[in-house]
Amino acid sequence: PPMQKWFSEVFWSEEGSGEFLLEKQWVQVRDSAVFYLLPGEIHHIRPVSRKWKYQWLTLDHKQSPLWLEAMGFTKRPFPANSCPT
């Protein structure tokens, strides 16, 4: 179920597509792309394609939004190469 969470989370889509609810609008992520959520945002995620494969990483620290910004995470979603699993 949709839930407000107090950590940052990075989602790296690898195959297929899904959507994230951001500020009352669904944002689609497809193929190799990265989307992230910040502390206090609602985590509401749904698949769009029959199969959607993604990896995720949780950053549970109050400075995590600053870390993401420093790494160039400034827009959502953004295209990416293969996920470094």
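Buried means under 20% relative accessible area, exposed means over 50%, and partly exposed is what falls in between, with a 1.4 Å probe and protein chains only. By that yardstick M71 is exposed, because its relative accessible area is 56%, while 33% of the 85 residues of the chain count as buried. Welcome to a short tour of this chain, which is a predicted model: local features need pLDDT of at least 70, side-chain atom pairs count only at pLDDT 80 or more, and totals for chains, interfaces and linings use all residues. Residues are numbered from 1 along each chain as its sequence is written, and side-chain values use heavy atoms, with hydrogens and water left out.

**Overall fold**

- The chain has one helix and nine strands; helices (H or I, at least four residues) and strands (E, at least two) are DSSP runs, numbered from the N terminus.
- Following the sequence from start to end, you meet these elements in the pattern β-β-β-β-β-β-β-β-α-β.
- The radius of gyration (taken over C-alpha atoms) is 12 Å, close to the 12 Å from the globule rule (2.2 Å times the number of residues to the power 0.38) for 85 residues, so the chain is as compact as a globular protein of that length.
- If you are setting up a view, the C-alpha trace spans about 35 × 30 × 20 Å along its principal axes.

**The three-stranded sheet**

- Strands of a sheet pair through backbone hydrogen bonds, either parallel or antiparallel.
- Here, three strands form an open sheet in the order 4-3-7, with antiparallel pairing; two strands pair if DSSP finds at least two bridges between them.
- Strand 4 (25-30) and strand 7 are the edge strands, each pairing on one side only.
- Neighbouring strands of this sheet are turned by 25 degrees against each other on average, direction ignored; the axes are lines fitted to C-alpha atoms, for helices over the stretch in contact, and angles run from 0 to 180 degrees between N-to-C directions.
- Strand 3 (residues 17-22) runs antiparallel to strand 4, and six bridges join them.
- Within this part of the sheet, E19 stands opposite Q28 in strand 4.

**The loop between strands 3 and 4**

- E23 lies in the loop between strand 3 and strand 4, and has a positive phi of about 50 degrees although it is not a glycine.
- E23 counts as exposed, because its relative accessibility is 69%.
- K24 has its place in the loop between strand 3 and strand 4, and its phi is near 70 degrees, a positive value in a residue other than glycine.
- K24 is exposed, with a relative accessible area of 81%.

**Salt bridges**

- The structure holds four salt bridges, each defined as a side-chain nitrogen of Lys or Arg within 4 Å of a carboxyl oxygen of Asp or Glu.
- One of them pairs E14 with K53, whose closest N and O atoms are 3.8 Å apart. This pair links distant parts of the chain, E14 in strand 2 (residues 8-15) and K53 in strand 8 (residues 53-59), 39 residues apart.
- E14 is partly exposed at 24% relative accessible area, and K53 is partly exposed at 39%.
- Another salt bridge brings together the side chains of E15 and K51 (3.6 Å, N to O). E15 lies in strand 2 and K51 in the loop between strand 7 (45-47) and strand 8, so the pair ties together parts that are 36 residues apart in sequence.
- E15 is partly exposed at 36% relative accessibility, whereas K51 is exposed at 51%.
- The side chains of E41 and R76 also meet in a salt bridge (2.7 Å, N to O). E41 sits in the loop between strand 5 (33-37) and strand 6 (42-43), and R76 in the loop between helix 1 and strand 9, 35 residues apart.
- E41 is buried, with a relative accessible area of 16%, and R76 is partly exposed at 23%.

**The loop after helix 1**

- R76 is joined to P77 by a cis peptide bond, with omega about -15 degrees.
- P77 is placed in the loop between helix 1 and strand 9.
- M71 lies in the loop between helix 1 (64-70) and strand 9 (78-79).
- Together with L66 and W67, M71 makes a nonpolar surface patch of about 330 Å².
- Patches are made of residues with over 30% relative accessible area and no salt bridge, with like charges joined within 9 Å and nonpolar side chains (Val, Leu, Ile, Met, Phe, Trp, Tyr) within 5 Å. Accessible areas come from the Shrake-Rupley method with a 1.4 Å probe, and for residues only the protein chains shown count as cover.
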